[in-house]
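Biologist: Please show me the sequence and the structure, and then let us go through them by question and answer.

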Amino acid sequence: MKPILTLLMLVWLGLMAPVQAAGIWVTTPYTPAKVVFEFYLDNPQKIGSALYWVRSLMNPLQEAPYNYSPEDLSIVVVIHGNEIVAVAKKNEAKYQDAVDRMRYYASLGVKFKVCGQAAADFGYRVEDFQDFIEVVPNAITELAYWQQQGYALIVPKILEKTIDIESIR
């Protein structure tokens, strides 16, 4: 009889245990973005990863339920680190994928600006850059300007991936 009572008690306790709640999907009421990205990278090869941050901002806003067109978004990218070499015309072949992506984003209205002081440090002149690049006097001053115009600042953090997702999932 004790084993039956024990079994009944365990079944009853199992039925009374709370059900674990699950996460819920929330549709934040996003408005068209006004964003300035600061690219200041230690390795020019990281520009591809930094451009994914631009894509990650744009794609959700262009999909349902938001359905904003690229013209609704106002995005500026300020370049002033070692990635500056990726937008120099003489290096186009080496950074072709990134250049193609930036040219595509520029066709959607994204503005790409290079720091004039950094350009001078690298020995570049205005005519050395791709045709979608605007050279500005100074990156820090440019970032402050866009923030004063109400733009949110996003600084991509590009890390070296040392652990694969499957091993920590």
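Biologist: What percentage of the residues in the protein chain is buried?

Modeller: This is a predicted model, in which local features need pLDDT of at least 70 and side-chain atom pairs count only at pLDDT 80 or more, while totals for chains, interfaces and linings use all residues. Residues are numbered from 1 along each chain as its sequence is written, and side-chain values use heavy atoms, with hydrogens and water left out. A residue is buried under 20% relative accessible area, exposed over 50% and partly exposed in between (1.4 Å probe, protein chains only). Of the 169 residues in the protein chain, the buried share is 37%.

Biologist: In what pattern do the helices and strands follow one another along the sequence?

Modeller: Helices (H or I, at least four residues) and strands (E, at least two) are DSSP runs, numbered from the N terminus. The protein chain has six helices and five strands. Read along the sequence, they give α-β-α-β-α-β-α-β-α-β-α.

Biologist: Which element gives the largest share of the largest nonpolar core?

Modeller: A nonpolar core is a set of buried Ala, Val, Leu, Ile, Met, Phe, Trp, Tyr and Cys residues joined through side-chain atoms within 4.5 Å. The largest one has 46 residues, of which Phe39, Ile84 and Phe112 touch the most other members. Elements giving two or more residues to this core include β1 (34-39), β2 (74-79) and α3 (96-107). The largest share, seven residues, comes from α2.

Biologist: Is Ile75 buried or exposed?

Modeller: Ile75 lies in strand β2. Contact means heavy atoms within 4.5 Å, and, leaving aside neighbours within four places in sequence, the residues in contact with Ile75 include Val35, Phe37, Leu57 and Met58. With a relative accessible area of 3%, Ile75 is buried.

Biologist: Within what arc do the buried residues of α3 fall?

Modeller: In α3, the buried residues are Ala98, Val99, Arg101, Met102 and Tyr105. They line one face of the helix, because, seen down its axis (using directions from the axis to the C-beta atoms), they fall within an arc of 165°.

Biologist: Which exposed residues does the face of α3 turned away from its buried side carry?

Modeller: The buried residues of α3 have a cover that includes α2 and β3. On the face turned away from the buried side, the exposed residues are Asp97 and Ser107.
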